[in-house]
Amino acid sequence: MSVGVLLMTHESMGAALVNAARHVLGRLPLPLQVQEVGAGDDPEQRLRAAAASARELDHGDGVLVLSDIYGATPCNIAQRLPQLGVHMRCVSGLNLPMLLRVLNYPEQSLDELAQTAAHGGRGGIVVDHP
(Lines give C-alpha, C1' and ligand atoms only; values in the text may rest on other atoms or scores of the structure.)
Protein backbone atom coordinates (compact mmCIF):
# COMPACT_ATOMS: atom_id res chain seq x y z
CA MET A 1 0.00 0.00 0.00
CA SER A 2 0.98 3.63 -0.35
CA VAL A 3 -0.21 7.08 0.50
CA GLY A 4 -2.32 8.83 -2.12
CA VAL A 5 -1.49 12.40 -3.12
CA LEU A 6 -4.13 15.02 -3.85
CA LEU A 7 -3.14 18.44 -5.16
CA MET A 8 -5.63 21.17 -4.22
CA THR A 9 -4.71 24.27 -6.19
CA HIS A 10 -6.00 27.29 -7.99
CA GLU A 11 -6.88 26.54 -11.61
CA SER A 12 -4.16 25.32 -13.98
CA MET A 13 -1.44 25.20 -11.30
CA GLY A 14 -1.91 21.57 -10.25
CA ALA A 15 -1.92 20.19 -13.79
CA ALA A 16 1.21 22.18 -14.63
CA LEU A 17 3.05 20.81 -11.60
CA VAL A 18 2.06 17.23 -12.44
CA ASN A 19 3.24 17.70 -16.03
CA ALA A 20 6.58 19.04 -14.79
CA ALA A 21 6.93 16.14 -12.34
CA ARG A 22 6.26 13.65 -15.14
CA HIS A 23 8.89 15.40 -17.24
CA VAL A 24 11.47 15.02 -14.47
CA LEU A 25 10.54 11.56 -13.15
CA GLY A 26 8.96 9.82 -16.11
CA ARG A 27 6.35 7.92 -14.14
CA LEU A 28 4.69 8.93 -10.90
CA PRO A 29 5.36 6.37 -8.14
CA LEU A 30 2.35 7.36 -6.00
CA PRO A 31 -1.33 7.56 -6.92
CA LEU A 32 -2.01 11.24 -7.58
CA GLN A 33 -5.01 13.35 -8.53
CA VAL A 34 -5.54 17.08 -8.97
CA GLN A 35 -8.48 19.20 -7.88
CA GLU A 36 -8.27 22.74 -9.20
CA VAL A 37 -10.52 25.50 -7.90
CA GLY A 38 -11.60 28.17 -10.34
CA ALA A 39 -12.61 31.70 -9.42
CA GLY A 40 -16.31 31.04 -9.97
CA ASP A 41 -16.46 27.52 -8.55
CA ASP A 42 -18.87 26.60 -5.77
CA PRO A 43 -16.73 25.58 -2.75
CA GLU A 44 -19.30 22.98 -1.66
CA GLN A 45 -19.16 21.27 -5.05
CA ARG A 46 -15.36 21.39 -5.00
CA LEU A 47 -15.43 19.87 -1.49
CA ARG A 48 -17.54 16.96 -2.69
CA ALA A 49 -15.25 16.43 -5.69
CA ALA A 50 -12.15 16.58 -3.48
CA ALA A 51 -13.67 14.07 -1.05
CA ALA A 52 -14.46 11.70 -3.92
CA SER A 53 -10.88 11.99 -5.19
CA ALA A 54 -9.44 11.46 -1.72
CA ARG A 55 -11.56 8.34 -1.17
CA GLU A 56 -10.41 6.96 -4.50
CA LEU A 57 -6.76 7.64 -3.62
CA ASP A 58 -6.89 6.18 -0.11
CA HIS A 59 -6.03 2.48 -0.15
CA GLY A 60 -5.64 2.33 3.63
CA ASP A 61 -2.61 4.56 4.24
CA GLY A 62 -4.33 7.93 3.94
CA VAL A 63 -3.98 10.88 1.61
CA LEU A 64 -1.44 13.66 1.57
CA VAL A 65 -3.08 16.86 0.37
CA LEU A 66 -0.74 19.49 -1.03
CA SER A 67 -2.30 22.93 -1.37
CA ASP A 68 -0.83 26.01 -2.96
CA ILE A 69 -1.62 28.82 -0.47
CA TYR A 70 -2.50 28.45 3.20
CA GLY A 71 -5.80 30.18 3.93
CA ALA A 72 -6.93 30.33 0.30
CA THR A 73 -9.99 28.48 -0.97
CA PRO A 74 -8.22 25.27 -2.12
CA CYS A 75 -6.57 24.90 1.30
CA ASN A 76 -9.78 25.76 3.15
CA ILE A 77 -11.61 23.07 1.19
CA ALA A 78 -8.84 20.55 1.94
CA GLN A 79 -9.00 21.29 5.65
CA ARG A 80 -12.70 20.33 5.66
CA LEU A 81 -12.04 16.83 4.27
CA PRO A 82 -11.58 15.14 7.68
CA GLN A 83 -15.16 16.17 8.55
CA LEU A 84 -16.20 13.93 5.65
CA GLY A 85 -14.21 10.97 6.97
CA VAL A 86 -11.04 11.44 4.92
CA HIS A 87 -7.81 10.28 6.63
CA MET A 88 -5.37 12.96 5.51
CA ARG A 89 -2.64 15.46 6.27
CA CYS A 90 -2.44 18.80 4.46
CA VAL A 91 0.76 20.69 3.63
CA SER A 92 0.50 24.17 2.13
CA GLY A 93 2.93 26.17 0.03
CA LEU A 94 3.03 23.67 -2.82
CA ASN A 95 5.94 24.06 -5.20
CA LEU A 96 7.67 21.71 -7.64
CA PRO A 97 10.53 20.76 -5.27
CA MET A 98 7.93 19.76 -2.66
CA LEU A 99 6.04 17.57 -5.12
CA LEU A 100 9.22 15.94 -6.44
CA ARG A 101 10.44 15.20 -2.92
CA VAL A 102 7.12 13.56 -2.03
CA LEU A 103 7.18 11.44 -5.17
CA ASN A 104 10.71 10.26 -4.40
CA TYR A 105 9.66 8.67 -1.10
CA PRO A 106 6.67 6.46 -1.93
CA GLU A 107 7.44 4.07 0.93
CA GLN A 108 6.92 6.66 3.67
CA SER A 109 3.91 6.79 5.97
CA LEU A 110 1.43 9.65 5.79
CA ASP A 111 3.01 11.51 8.72
CA GLU A 112 6.53 11.01 7.37
CA LEU A 113 5.49 12.12 3.91
CA ALA A 114 3.91 15.30 5.30
CA GLN A 115 7.25 16.18 6.92
CA THR A 116 9.13 15.26 3.75
CA ALA A 117 6.84 17.57 1.77
CA ALA A 118 7.46 20.48 4.13
CA HIS A 119 11.23 19.96 4.09
CA GLY A 120 11.28 19.59 0.31
CA GLY A 121 9.28 22.75 -0.22
CA ARG A 122 11.48 24.81 2.07
CA GLY A 123 14.67 23.23 0.74
CA GLY A 124 13.74 24.15 -2.81
CA ILE A 125 13.82 27.86 -2.00
CA VAL A 126 17.30 29.26 -2.51
CA VAL A 127 18.48 32.84 -2.78
CA ASP A 128 21.60 33.05 -4.93
CA HIS A 129 24.48 35.26 -3.99
CA PRO A 130 25.98 37.44 -6.74
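Colleague: How many helices and strands are there in the protein?
Modeller: In this predicted model, the protein has 5 helices and 4 strands.

Colleague: And in what order do the elements run from the N terminus on?
Modeller: Starting at the N terminus, the order is β-α-β-α-β-α-β-α-α.

Colleague: What do the strands form?
Modeller: The 4 strands make an open sheet with parallel pairing, and their order in that sheet is β2-β1-β3-β4. The edges are taken by β2 (32-37) and β4 (88-92), and because each of these has a single partner strand, one side of each is left without a neighbour in the sheet. On average, neighbouring strands of this sheet are turned by 20 degrees against each other, if direction is ignored.

Colleague: How many bridges are there between β1 and β2?
Modeller: β1 and β2 pair over 6 bridges in the parallel sense, and one residue to look for is Met 8, whose bridge partner in β2 is Gln 35. Between these two strands the chain passes through helix α1 (residues 13-25), and this β-α-β crossover is right-handed.

Colleague: How many bridges join β1 to β3?
Modeller: Strand β3 (residues 63-67) runs parallel to β1 and is joined to it by 5 bridges; in this pairing, Leu 7 stands opposite Leu 66 of β3.

Colleague: Which strands does helix α2 lie across?
Modeller: Helix α2, residues 43-57, lies across β1, β2 and β3, and it runs at about 175 degrees to β2. Helix α5, residues 110-123, lies across β3 and β4 and runs at about 5 degrees to β4.

Colleague: Let's pick a residue in α2. Is Arg 55 buried or exposed?
Modeller: Arg 55, which is found in helix α2, is partly exposed, because its relative accessible area is 48% and the cut-off for exposed is over 50%. If you follow the chain on to Gly 85, you find that Arg 55 and Gly 85 are 30 residues apart in sequence, while their C-alpha atoms are 9.0 Å apart in space.

Colleague: Switching to the start of the chain, where is Ser 2?
Modeller: Ser 2 lies in the segment before β1 (4-10), and it counts as buried because its relative accessibility is 18%, with buried meaning under 20%. Leaving aside residues up to four places away in sequence, Ser 2 touches Leu 30, Pro 31, Asp 61 and Pro 106.

Colleague: What about Ser 12, is that one buried or exposed?
Modeller: Ser 12 is found in the loop between β1 and α1, and it is exposed, with a relative accessible area of 52%. Its backbone deserves a look too, since Ser 12 has a positive phi of about 80 degrees although it is not a glycine. Most residues other than glycine have a negative phi.

Colleague: Back to the whole protein: what is the radius of gyration?
Modeller: The radius of gyration is 14 Å, which agrees with the value near 14 Å that a compact globule of 130 residues would have. The C-alpha atoms fill a box of roughly 45 × 35 × 25 Å along the principal axes.

Colleague: How much of it is buried, and how much area does the protein expose?
Modeller: Buried residues make up 44% of the 130 residues, and the protein exposes about 6,800 Å², of which carbon and sulfur atoms supply 51%.

Colleague: One last thing, what share of the contacts joins residues at least 24 apart?
Modeller: Among contacts between residues at least 6 apart in sequence, 73% join residues at least 24 apart.

Definitions and conventions:
Residues numbered from 1 in each chain as written. Predicted model: local features only at pLDDT ≥ 70, side-chain atom pairs only at ≥ 80, totals over all residues. Heavy atoms only, no water. Buried < 20%, exposed > 50% of the residue type's maximum accessible area, 1.4 Å probe, protein only. Contact = heavy atoms within 4.5 Å. Pairing = 2+ DSSP bridges. Axes fitted to C-alpha atoms, helices over the stretch in contact; angles between N-to-C directions. Rg over C-alpha atoms; globule rule 2.2 N^0.38 Å. Areas by Shrake-Rupley, 256 points an atom, 1.4 Å probe, with all protein chains shown as cover. Right-handed = clockwise from strand over helix to strand, strands pointing away.
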